[in-house]
Amino acid sequence: APAADGPLPVLGRDVTVPLVTGGHVTYAALDYAASAPALQRVWDDVAAYAPYYGSVHRGAGYLSQLSTDLFESSRATVAAFLGCRPDDQVVFTRSTTDSLNLLAHVLPEGCEVFVFETEHHASLLPWRGARVTYLDAPRTPGQAVRTLERALADREPYGPALVCVTGASNVTGELWPVRELAAAAHAHGARVVLDAAQLAPHHPVDVGDLDVDWVAFSGHKLYAPFGTGVLAGRADWLREAEPYLAGGGASRRVARRADGGVDVDWHTTAARHEAGSPNVIGAYAIASACTALTEAGFDALVARERELITRVREGLADVPEVRVLSLFGDDAPRVGVLSFVVEGWNSSHFAAALSAEYGIGVRDGLFCAHPLVRTLLGGAPQEPGACGAPEAGPGERSLNAIRVSFGAGTPDEHVERFVRAVR
Ligand code: PMP
């Protein structure tokens with residue numbers, strides 16, 4: 001497909017930031033993998049609706065009716081964006097992290113969980129209470145499938161199981177063989193949840209086509225930074241479990257019992273896990289982003305992003321001090337996310353210099369994927385903080401990495417400036 005003519009309009013295009021060398025420069029936001037700027041279209045849609053918002057599912061007034069309609073039609077838009085099956089549920093959450101914790105909450109009794117150690121912590125950590133098998137980092141997509149198959153074939157007894165896979169790594173940007181992993185999981189009676197936090201903003205995600213059971217993603221990485229995420233997929237586990245949050249909105253009928261307690265009849269729809277007043281602006285913003293990306297056309301967006309990542313790869317290729325991090329090989333297909341280290345540089349200082357001297361915003365650290373980054377850096381010992389890493393002393397080898405990431409709103413100039421700055 002031909003590449004899109006240029007970037008989609010996003011907020012913040014004209015923001016300028018000061019340079020240590022004097023003067024100001026337009027900010028080059030190259031940290032989309034953390035949070036992407038809002039699409040102008042999303043902002044305009046939200047602004048047009050803002051005077052009319054009201055409580056969802058809780059009011060007789062016109063604006064409450066309007067807001068309820070908008071909330072539910074946003075759910076339908078997201079379902080269509082994800083290619084959901086007719087019986088799937090779309091639950092609005094706060095984020096991918098929240099979505100995966102919700103799924104962890106509804107696991108059936110005795111469910112085993114399988115997850116690669118290479119995942120983001122949001123995929124690695126929510127499965128408390130379940131028996132979790134952490135799978136070793138594979139070095140090829142084929143090895144990932146074989147590793148999963150072996151682990152699933154070995155499991156005993158043969159009860160419910162869930163495999164959590166990433167669509168695109170938030171560290172290397174590499175695409176994972178989701179369809180093949182899902183087929184392997186299903187062949188062994190396991191279900192699959194796709195962490196699409198980094199995939200959905202860059203690639204079409206079709207749950208039917210990929211044959212995954214659930215998909216999770218975040219609005220703020222999909223150009224809709226209004227505090228909403230999504231968990232979409234099979235209704236049965238969601239319907240059968242206790243509500244994730246207990247409260248108004250999740251309950252259909254509550255009555256005192258003769259013995260003094262209360263009987264609760266919970267909803268069996270997505271509302272079961274959405275107690276409390278929902279974030280209608282966030283839901284509408286996600287739906288607006290889904291519509292905008294669909295209308296722009298993923299073929300063109302993917303083609304343009306491939307051009308940008310190629311420029312980055314080629315621009316860094318002949319800088320001997322730069323080492324790009326990858327599991328599947330430097331030329332493996334990836335979304336617009338790439339991490340690297342620079343020999344002789346502390347990554348934090350390097351990232352700080354990109355900001356201070358060039359007005360470029362990247363991220364440094366361990367990217368909330370400590371086991372993966374350790375594997376990629378060769379197992380350097382460290383005691384990192386929340387999602388960061390300790391400082392390397394002057395002249396010491398870097399214990400963390402630098403990540404550059406971009407997407408549909410990135411102008412060519414930002415990528416060109418980044419390459420020039422690194423070189
Ligand atoms: N999974 C992946 C692959 C991610 O990159 C992220 C965010 N960095 C998350 C999950 C968590 O997303 P959120 O912080 O929006 O919950």
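**Exercise 1. In this predicted model, find how strand E7 and strand E8 pair, and over how many bridges.**

Step 1. Locate E7 at residues 161-166 and E8 at residues 191-195.
Step 2. Follow the two strands: they pair in the parallel sense, over 5 bridges.
Step 3. For a single point of reference, look at Val163, which stands opposite Val192 in E8.
Step 4. Now add the helix that packs on the sheet here: H6, residues 178-187, touches both E7 and E8. The direction of H6 makes about 155 degrees with that of E8.

**Exercise 2. Work out the strand order of the open sheet with 7 strands, and name its edge strands.**

Step 1. Walk across the sheet, and you meet E4-E10-E9-E8-E7-E5-E6, with mixed pairing.
Step 2. Check the ends: E4 (89-93) and E6 (131-135) each pair on one side only, which makes them the edge strands.
Step 3. Compare directions between neighbours: on average they are turned by 20 degrees against each other, direction ignored.

**Exercise 3. Decide whether edge strand E4 is mostly covered or mostly open.**

Step 1. Recall that in a regular strand the side chains alternate between the two faces of the sheet.
Step 2. Sort the residues of E4 by side: Gln89, Val91 and Thr93 lie on one, Val90 and Phe92 on the other.
Step 3. Each of these residues is buried, so to speak, on its own face: both faces of E4 are covered. With 5 of its 5 residues buried, E4 is mostly covered.
Step 4. Finish with the partner of E4: 5 bridges join it to E10 (residues 229-233), and the two run antiparallel. Here Phe92 stands opposite Val230.

**Exercise 4. Describe how helix H2 and helix H9 cross.**

Step 1. Find H2 at residues 62-81 and H9 at residues 280-296; their axes come within 8 Å.
Step 2. The axes cross at roughly 40 degrees, and the two helices are therefore oblique to each other.
Step 3. The crossing of H2 past H9 is left-handed.
Step 4. List who meets whom: H2 brings residues including Leu70, Phe71 and Val78, while H9 brings, among them, Tyr284, Ile286 and Cys290. The contact has 10 nonpolar, 5 polar and no charged residues.

**Exercise 5. Which strands stand at the edges of the open sheet of 4 strands?**

Step 1. The order is E13-E14-E17-E16, with antiparallel pairing.
Step 2. E13 (322-324) and E16 (363-365) each have a single partner strand, so they stand at the edges.
Step 3. E16 is joined to E17 (residues 401-405) by 3 bridges, and Asp364 has Ile402 as its bridge partner.

Methods:
Residues are numbered from 1 along each chain as its sequence is written. This is a predicted model: local features need pLDDT of at least 70, side-chain atom pairs count only at pLDDT 80 or more; totals for chains, interfaces and linings use all residues. Axes are lines fitted to C-alpha atoms, for helices over the stretch in contact, and angles run from 0 to 180 degrees between N-to-C directions. Angles under 35 degrees count as roughly parallel, over 145 as roughly antiparallel, 65 to 115 as roughly perpendicular and the rest as oblique. A crossing is left-handed if the near helix is turned anticlockwise from the far one by less than a right angle, and right-handed if clockwise. Two residues are in contact if their C-beta atoms, placed from the backbone, lie within 7 Å. Ala, Val, Leu, Ile, Met, Phe, Trp, Tyr, Cys and Pro count as nonpolar, Asp, Glu, Lys and Arg as charged, and the others, Gly among them, as polar. Two strands pair if DSSP finds at least two bridges between them. A residue is buried if 20 or more other C-beta atoms lie within 10 Å of its own, exposed if 12 or fewer, and partly exposed in between; C-beta atoms are placed from the backbone.
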